[in-house]
Amino acid sequence: GLEVCRVLVRSKQWYQRRVRGTMHNYILCGRLLKCQFIPMSKVHKDTFKGSNKTFKKIDWQARNKAARNQTKSAEEQNRAVKRLLKAEKDRRRKITALGIDYQFPGYAAIAPKASNKTTFKDAEVDTAESMETA
């Protein structure tokens with residue numbers, strides 16, 4: 001056991017010396033590479049911190065798909081509609097500035113419009129109930 005350990009340590013040290021001697025002053029990507037032995041007393045304690053963790057692959061497609069497919073609130077939906085209408089208005093302005101007479105229905109034709117009618121749902125329910133009792 002102990003002899004095998006010594007042999008492994010010696011072989012690792014030999015390998016380290018060999019690599020250091022080979023790669024020292026090596027030009028890599030236009031830069032001079034410096035290789036030197038640093039004793040453990042000089043190595044910062046956090047140099048290899050977290051090196052034993054396994055790499056966890058993040059499924060970015062699934063994460064983005066979930067973010068895109070989540071239901072939007074009414075405020076977010078209104079903001080998106082306003083942005084689309086503004087972009088369409090700018091597009092129409094650019095087309096007319098070029099002197100092109102082109103009419104298209106676009107998003108403005110199908111965009112949900114704010115209702116100007118007022119409904120009283122509670123009042124309708126109360127009148128329906130009063131008619132049934134009478």
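**Close-up 1. R79 pairs with E75 in a salt bridge.** The closest N and O atoms of R79 and E75 sit 3.4 Å apart. This is a predicted model, so read that distance as coming from predicted coordinates. Both residues belong to helix α3, four residues apart, or about one turn of the helix. How open are the two partners? R79 is partly exposed, at 47% relative accessible area, while E75 is exposed, at 57%.

**Close-up 2. R92 and E88 form another salt bridge.** Here the closest N and O atoms are 3.0 Å apart. R92 and E88 are about one helical turn from each other because they lie four residues apart in helix α3. Is E88 buried or exposed? With a relative accessibility of 5%, E88 counts as buried, and its partner R92 counts as partly exposed at 24%.

**Close-up 3. K86, D90 and R93 share a network of salt bridges.** Within this network, the side chains of D90 and R93 meet at 3.6 Å, N to O. D90 and R93 are three residues apart in helix α3, so about one helical turn separates them. D90 is partly exposed, its relative accessible area being 24%. In general, side chains of opposite charge can pair when their charged atoms come close. For the wider count, the whole structure holds four salt bridges.

**Close-up 4. Helix α3 runs from residue 74 to residue 97.** That makes 24 residues, and the helix reaches 34 Å from its first C-alpha to its last. The span is close to the 34 Å expected at 1.5 Å a residue. Which residues of α3 are buried? They are A80, V81, E88 and I95; E88 is also the salt-bridge partner of R92. Look just past the end of α3 and you'll find G99, with a positive phi of about 85 degrees.

**Close-up 5. The largest pocket holds about 400 Å³ of space.** Of the 16 residues lining this pocket, Q16, R20, Q36, F37 and I38 are the closest to its centre. What is the lining made of, by class? Nine of the lining residues are nonpolar, four are polar and three are charged. As for how such space gets spotted, rolling a probe the size of a water molecule over the atoms shows where empty space is left.

Note on methods. Residues are numbered from 1 along each chain as its sequence is written. This is a predicted model: local features need pLDDT of at least 70, side-chain atom pairs count only at pLDDT 80 or more; totals for chains, interfaces and linings use all residues. Side-chain values use heavy atoms; hydrogens and water are left out. Helices (H or I, at least four residues) and strands (E, at least two) are DSSP runs, numbered from the N terminus. The expected span of a helix is 1.5 Å times one less than its number of residues. Buried means under 20% relative accessible area, exposed over 50%, partly exposed in between (1.4 Å probe, protein chains only). On a 1 Å grid over the protein atoms alone, a cavity is a set of points where a 1.4 Å probe fits but cannot get out, and a pocket is an open set with protein on both sides within 12 Å along at least five of seven lines; lining residues have an atom within 4 Å of a point. Grid points are joined across faces, edges and corners, and a volume is the space filled by probe spheres set on the points. Ala, Val, Leu, Ile, Met, Phe, Trp, Tyr, Cys and Pro count as nonpolar, Asp, Glu, Lys and Arg as charged, and the others, Gly among them, as polar.
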